[in-house]
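Me: I would like a close look at a single part of this model, the helices and how they pack. Please take it slowly and give the cut-offs as you go.

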Amino acid sequence: MFDDLQTRFDLYCERTGPEFWSEPVNALTNLAFVMAGLWGLYATRRRGKDAFSELLCWWVVAIGVGSFLFHTFATQLTMWADILPIAGFTLAYTLFNLRRFMDLSWLSSLVAFVAFYAVAGVLTALVPDWLRDASNGSTGYLPPFLALFLFGLLVLRSGHPAGWYNLAAAGIFLGSVSFRALDPHACETMPLGTHFLWHTLNGLLLGVLLAAVARYGAAGDARLARPPIQSAG
């Protein structure tokens, strides 16, 4: 089992061999995540936010660290260090939308959370193999995109401006996932590949989401962020 975890991958154009620095640009562009997370931490602490908000910021830093490990060691073990922080942040930010921006109770939030990811999981499983292969496995990121888009609309519908941040992040995600999908097809004309742009744009995406956390993310901010109801007459 341990030997399986040490299996090496060669998944991206830039990688030229099994050495640690075989993907220097892909590895170093993970600084975009670390910078976004540390900026978010500074912004949330400056505004006096709480533990849930700060946890999201540290999670973004962990995404950068995990992805750096994968693009240097490139093993089965470090692949999980790459995948798990991304999945964890996606789930946590969905709950943040439901609890902090939509001001739902924990019970309502959990029901909506489970229902959404059940449907998103089924939709992802239904993606045909040819599309999954043609997109370099990028269809696996369908749930995060749907979460940003759908909950962005729902947060806006609830009257909270943080929904715009979700929708902006969804737009950026369309660009970043396109570069991830293009990477194996660009190797002949662009040996560096395009995966580094996936990192760079996703760093921007996460910075946008953390900006919403810093500005509107404290418990009770949901009511304050909504415009007051104007009485007739």
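Reply: What follows goes through three places in turn, beginning with how the values were obtained.

This is a predicted model, in which local features need pLDDT of at least 70 and side-chain atom pairs count only at pLDDT 80 or more, while totals for chains, interfaces and linings use all residues. Residues are numbered from 1 along each chain as its sequence is written, and side-chain values use heavy atoms, with hydrogens and water left out.

Helices here are DSSP runs (H or I, at least four residues), numbered from the N terminus. Helix α3, residues 31–46, has 16 residues that should span 22 Å at 1.5 Å a residue, and its end C-alpha atoms are indeed 22 Å apart; the expected span is 1.5 Å times one less than the number of residues. Buried in α3 are Phe-33, Ala-36, Gly-37, Gly-40, Leu-41, Ala-43 and Thr-44, where buried means under 20% relative accessible area with a 1.4 Å probe, protein chains only. These buried residues pack against α4 (51–73) and α10. Leu-41 has a relative accessible area of 7%, and, leaving aside neighbours within four places in sequence, Leu-41 is in contact (heavy atoms within 4.5 Å) with Glu-54, Cys-57 and Trp-58. Leu-56 is 15 residues from Leu-41 in sequence, yet their C-alpha atoms are 8.6 Å apart. Just after α3, Gly-48 takes a positive phi of about 75°.

Helix α8, residues 142–157, also has 16 residues, and its first and last C-alpha atoms are 22 Å apart, close to the expected 22 Å. Its buried residues are Pro-143, Pro-144, Phe-145, Ala-147, Leu-148, Phe-151, Gly-152 and Val-155, and what covers them includes α5, α6, α9 (162–182) and α10 (195–216). Gly-159, just after α8, has a positive phi of about 95°.

Two of those covering helices, α5 and α6, also pack on each other: α5 (residues 76–101) and α6 (residues 106–125) meet at an angle of about 135°, with axes 9 Å apart. The axes are lines fitted to C-alpha atoms over the stretch in contact, and angles run from 0 to 180 degrees between N-to-C directions. That makes α5 oblique to α6, oblique being what remains once angles under 35, over 145 and from 65 to 115 degrees are set aside. From α5 the contact draws on Thr-90, Leu-91, Thr-94, Leu-95, Leu-98 and Arg-99, and from α6 on Trp-106, Ser-109, Leu-110, Ala-112, Phe-113 and Tyr-117.

Technical notes
Helices (H or I, at least four residues) and strands (E, at least two) are DSSP runs, numbered from the N terminus. Buried means under 20% relative accessible area, exposed over 50%, partly exposed in between (1.4 Å probe, protein chains only).
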